[in-house]
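Open the model in your viewer and keep the selection box handy. This tour tells you what to pick next and what you will find there.

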Amino acid sequence: FFLPDWIIERKNDDDSGKEIQIFAETLANQTLHHWRKTILREMGFIHLADREPNRVRPRVLFFDRMLEWRRRWLNANATLALLSGHFQDRLEIVTVERIPTNAREQIRLFGEADIVIAPHGAHFANAIYMPPNSLVVEIKLMCKTGDNREIWHQKAL
């Protein structure tokens, strides 16, 4: 996200630039929030446009990538069992093995989620449709073999 230079320029009397930085971040968040609401409304997701995260029983989108052949999340089932066992009835967990290819379905899926837990990937671009102040947990771990080849083993720690 790029901001015009005039937004982030420093005032002469402000040594730290914090006030300008906070203003720029606030403006960026407001712009992003406005853009999100506009897109959701135009696509017919009016009920998602003004949605706030559910703090009583949050909806968790748990994408385990088990149907994928690469960059698999090796202990996804154990993580899900731990999450379900620990939080029991306090979370509504929606498990997805594959992100839909239909853009409308992707928007609905992420727009209805308060928390997304998923392995690293391009699907996180859809996080823009999540309500403000929602949470994203990205699972990512890259390991190197003895001959310095990179292999992907994704595990929740």
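The stops below go from the whole chain to a strand, a pocket and a few loop residues.

**Whole chain**

Remember throughout that this is a predicted model. Start with the cartoon view of the protein chain. Count five helices and six strands. Now trace the chain from the N terminus: the elements run α-α-α-β-α-β-α-β-β-β-β.

Switch to a surface. The accessible surface of the protein chain comes to about 10400 Å². Carbon and sulfur atoms hold 54% of that area. How many of the 157 residues count as buried? The share is 32%. Contacts also reach far along the sequence. Take those between residues at least 6 apart: 53% of them join residues at least 24 apart.

**Strand β1 and its partners**

Select residues 59–63, which form strand β1. Is this strand mostly covered or mostly open? It is mostly covered, with four of its five residues buried. A residue earns that label when its relative accessible area is under 20%.

Add residues 92–96, strand β2. β1 and β2 pair in the parallel sense, over five bridges. Next add residues 115–119, strand β3. The pairing of β1 with β3 is also parallel, and it runs over three bridges.

Now pick leucine 61. Which residue is its bridge partner in β2? That partner is valine 94. In β3, leucine 61 stands opposite valine 116. Show the side chains while you are here. In a regular strand they alternate between the two faces of the sheet.

**The largest pocket**

Clear the selection and turn to the largest pocket. The space in this pocket is about 270 Å³. Select its lining: Asn29, Leu32, His33, Arg36, Ala127, Ile128, Met130, Pro131, Pro132, Asn133, Ser134 and Val136.

Which element gives the largest share of that lining? Helix α2, residues 18–42, supplies four residues. Colour the lining by residue class. Seven residues are nonpolar, four are polar and one is charged.

**Asparagine 133 and arginine 55**

Stay with one of the lining residues, Asn133. Asparagine 133 sits in the loop between β3 and β4, the latter spanning 135–139. Check its backbone: phi is positive, about 65°, although the residue is not a glycine. Is asparagine 133 buried or exposed? It counts as exposed because its relative accessibility is 62%, and the cut-off for exposed is over 50%.

Put a distance label between the C-alpha atoms of asparagine 133 and glutamate 52. They are separated by 8.0 Å, though the two residues lie 81 apart along the chain. Then list the contacts of asparagine 133. Leaving aside neighbours within four places in sequence, these are Pro53 and Arg55.

Follow that contact to arginine 55. You are now in the loop between α3 (46–49) and β1. Arginine 55 has a relative accessible area of 58%, so it is exposed. Label one more C-alpha pair, arginine 55 and arginine 90. The separation is 9.6 Å, with their positions 35 residues apart along the chain.

**Glutamine 88**

Jump to glutamine 88. Its loop connects α4 (76–87) with β2. Here too, look at phi: it is positive, about 40°, and the residue is not a glycine. With 59% relative accessibility, glutamine 88 counts as exposed.

**Proline 100**

Finish on the other side of β2. Proline 100 lies in the loop between β2 and α5 (103–111). How accessible is proline 100? It counts as partly exposed because its relative accessibility is 23%, a value in between the cut-offs of 20% and 50%.

Show its contacts. Neighbours within four places in sequence set aside, proline 100 touches Glu105, Gln106 and Leu109. For a last label, join the C-alpha atoms of proline 100 and histidine 123. They are separated by 9.7 Å, and the residues are 23 apart along the chain.

Technical notes:
Residues are numbered from 1 along each chain as its sequence is written. This is a predicted model: local features need pLDDT of at least 70, side-chain atom pairs count only at pLDDT 80 or more; totals for chains, interfaces and linings use all residues. Side-chain values use heavy atoms; hydrogens and water are left out. Helices (H or I, at least four residues) and strands (E, at least two) are DSSP runs, numbered from the N terminus. Buried means under 20% relative accessible area, exposed over 50%, partly exposed in between (1.4 Å probe, protein chains only). Contact means heavy atoms within 4.5 Å. Accessible areas come from the Shrake-Rupley method with a 1.4 Å probe; for residues, only the protein chains shown count as cover. Two strands pair if DSSP finds at least two bridges between them. On a 1 Å grid over the protein atoms alone, a cavity is a set of points where a 1.4 Å probe fits but cannot get out, and a pocket is an open set with protein on both sides within 12 Å along at least five of seven lines; lining residues have an atom within 4 Å of a point. Grid points are joined across faces, edges and corners, and a volume is the space filled by probe spheres set on the points. Ala, Val, Leu, Ile, Met, Phe, Trp, Tyr, Cys and Pro count as nonpolar, Asp, Glu, Lys and Arg as charged, and the others, Gly among them, as polar.
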